[in-house]
Protein chains: 2
Amino acid sequence: MASLRVLDTLFYPKSVSIVGASANPSGWGGSNFLTDLLKRGYQGNVYPVNPKATVISGLKCYPDVKSLPEIPDLVIIAIPAPGVPQVLRDCVTRGVKNVHIFSSGFSETGEEEGRKLDAEITDIISNSDLRVVGPNCMGIWVPGSKLTYWGDEPKGIGSLALISQSGGHGEFLTLYAQQLGIYFSKVISFGNARGLQASDFLEYFAADPETKMIACYFEGMKQGGKVTKMIASINRAKPVFVWKSGLTPSGARAVSSHTGSLAGEEKIWKAFYAQTGAVPVNSLEEIADMALAFQHLKHAGGRRVLLLGGGGGNSVALADICSREGLDVPRLTENTRLELNKFIRLAGNSVRNPVDAWSAQDTPDLFHKTLELTVNDPNIDAVIIDRLVWHTPDDRLKFDQVNDYLIDFVKHNHSQKPIVISLSGVNSSLASVTTKTELLQKFTRAGIAAYASTINAARALSKFIAYHEFLAR
Amino acid sequence: MASLRVLDTLFYPKSVSIVGASANPSGWGGSNFLTDLLKRGYQGNVYPVNPKATVISGLKCYPDVKSLPEIPDLVIIAIPAPGVPQVLRDCVTRGVKNVHIFSSGFSETGEEEGRKLDAEITDIISNSDLRVVGPNCMGIWVPGSKLTYWGDEPKGIGSLALISQSGGHGEFLTLYAQQLGIYFSKVISFGNARGLQASDFLEYFAADPETKMIACYFEGMKQGGKVTKMIASINRAKPVFVWKSGLTPSGARAVSSHTGSLAGEEKIWKAFYAQTGAVPVNSLEEIADMALAFQHLKHAGGRRVLLLGGGGGNSVALADICSREGLDVPRLTENTRLELNKFIRLAGNSVRNPVDAWSAQDTPDLFHKTLELTVNDPNIDAVIIDRLVWHTPDDRLKFDQVNDYLIDFVKHNHSQKPIVISLSGVNSSLASVTTKTELLQKFTRAGIAAYASTINAARALSKFIAYHEFLAR
């Protein structure tokens, strides 16, 4: 297994060679990696390799890896699959340690030729010291070393690491999460995983001081027992979110076509989650949801939730959602109810929990009194404040005042109870969609665990609580 | 039970009296109903009732129902709950037939006073010929008679009827659905249901020529056996979508606070769905989703779905989603695969199903060839075309060309296979959220069953197929 120092040369290479860079690029490949590295301001030496060119993007070009003036810390291979074995052999000869194979066209094609090539490179890799990411993947993206895989990734450095067999997932997630104030320490797309495995990356991230949370997207899994043990250990210090895809019959077939992986059985993965306490997730959105929870919530206690919202039918829906996500919405204490009734009239409202009171939602000082009373109710362990955003606000000033007050309240929450915000409601117009998206960005960028729907909020809160329940066992 | 002709005077009243209209309105109540009726251009006679005023909004005001110059077809009661029994008695005396009680403050408050008032009005109603909607509800909204309950409802008339114990749900749903080209024949908010029951409205809608689909939101249910039988019968001619809330412990408590209803047991409702074949839904969004399916899809066959999208990891996710929604994503025939391979290269793509080929998604003529080949594959019964919208399009012209072509293809689909469009992808910016929302509106308004996510698309398609499977049994 690769140690932390060894993989450092992969994540922070002093020199990179790109095999398959082209002076006149058509299509998508090595030239993109070259352009993106330069665009991002990568500071190390960059060596294009192409036997048909002498200069590419102003850089001297070399005919092959063997003729490079130094041993590059990282070689990116981006040529058609049939040429990959020879480049790998050259890398072995030259003493290269880290290789990323971007090229696809191996066993994931399901064709005889691809399978043969796959066997050939697997043989070269396993009989060498090469540390290979891929093939059939976008490779690695490290904001701290300006190592890029797409060219328009977020520039910020954060504390979430992503280990993904899909490169697209990495791109989609990082750009989506950025809007919510979630940034990444490192992103790995490792495709068919013929060299470095999930276990190698997990070991690195366990020790990586930049990384505080780890998200994994797995299509297949090698060394399952080892990975399970590692995640069980790492998860206690750094929460690990695991999305295992391909657990349905149709998904398993898709996995085979994508990375040539064997998807595995659902019961094995159930045991994995039970044993490790890793947070199960099922989408990119949910990875971001969990990162928001772990980034912003400090404490977790019981499952008795206060639901503070507006609308009668809407409140019932919110309560059903919470129940289905394993949360309880108990009655508030008699004392809280009587205090609330002093300023929220009985008819047309409910102060029992869910607390359904438009008047409180619309008026900053009533909202303040309602929050203080209900959040501190002894029947309550956690809080979901629902902002029903379905039209553009009638009174924008008041709307913003309530939201600003809410941010202030949650940021200075001394109750030791996790507080999340949900933005429920089906939108009535494009303008209200915009309002909701802007409000979600406002809350999350202010450091609040806020969610686009109550389902997202309740699910994230429930899994956050489950994580702490697991640790407390 | 009320017959079609009898309820016609409720839905198309020639005169309306509003008890609780006020010349100088503070808060929300009778004056809103009056204002909204006038604003909407209601053509019948309108009689405000208020003992403290002589003229309201330019209309002569009457001290009570007994002194009105004619028997109004509909009386709307919007005064505090304690005064409601006397108005009901006046209605009986005057010979009024249809009453909507907007007022709340009855048994849903959980307080002794509210329960007493509830018993009192229930007694009056059951010993009279009054047809009462409510109390604690927004009443009825009929675009065809300009009868309004909110004042800013969509103006269009459509074929979906809504029977809802929540008025908010009616408002949210109608404005949301309008964006997707779904309009309503009639909307009923009937709150605590102390008079007219779901069965009365169902009977009306079964015969109503305007109504082609019926959506129900139930918190509680009286006459369950009768309603089950009615829906089992109606559903064969007009699909009935039923959202039963309060089936979780927390939801049941919320139901009791909202409309004072008994939520009932989950197993009873499972039997209800099994017996009636009604389409189970769980949110307003899902009601709109099902309306889109039934409004735009003509045929339903088997469950073998073609998934046409882009992105490797994304395709796996789409396949898992379909499987979880009860759909199968089988391999395409060898012939289709070979034909696709002639213009979609093997490396980095998959033509097996999911068909993952960026090149085809981005190029109108390749997209056309891909669609023609795959939709007509004999292994396929239904189609989900996924447009992965996660950023703003790099080439807007091409993007629009592909979308326009897609609309044309789906509208002229002669395959007898249902085709739906999903817009997957987590968004990278507010601009991409806007793009996605606009695209969803464009597709749906063009008469296509299009959905904001693949989960929504797969769920709606699966339930649409299930409905037809039930009918074919």
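Two residues are said to be in contact if their C-beta atoms, placed from the backbone, lie within 7 Å. The model is predicted, so local features need pLDDT of at least 70 and side-chain atom pairs count only at pLDDT 80 or more, while totals for chains, interfaces and linings use all residues. Residues are numbered from 1 along each chain as its sequence is written, and chains are lettered from A in the order in which they are written.

With that in mind, consider how the chains are arranged. When the copies are superposed by least squares on the C-alpha atoms of residues with pLDDT of at least 70 in both, a rotation of 180° with 0.0 Å of shift along its axis brings chain B onto chain A with an RMSD of 0.0 Å. That is the relation of a two-fold axis. The residue of chain B that comes closest to this axis is B:T434, whose C-alpha is at 3.6 Å. Because 100% of the interface residues of chain B are also interface residues in chain A, the copies meet through the same surface.

Turn next to helix α2 of chain B, residues 30–40, where helices (H or I, at least four residues) and strands (E, at least two) are DSSP runs numbered from the N terminus. A residue is buried if 20 or more other C-beta atoms lie within 10 Å of its own, and in this helix the buried residues are B:G30, B:S31, B:F33, B:L34 and B:L37. They cover an arc of only 165°, which puts them on the same side of α2(B), the arc being that of the directions from the helix axis to the C-beta atoms. These buried residues pack against strands of chain B, including β1 (15–19) and β2 (45–49).

Conventions. A residue is buried if 20 or more other C-beta atoms lie within 10 Å of its own, exposed if 12 or fewer, and partly exposed in between; C-beta atoms are placed from the backbone.
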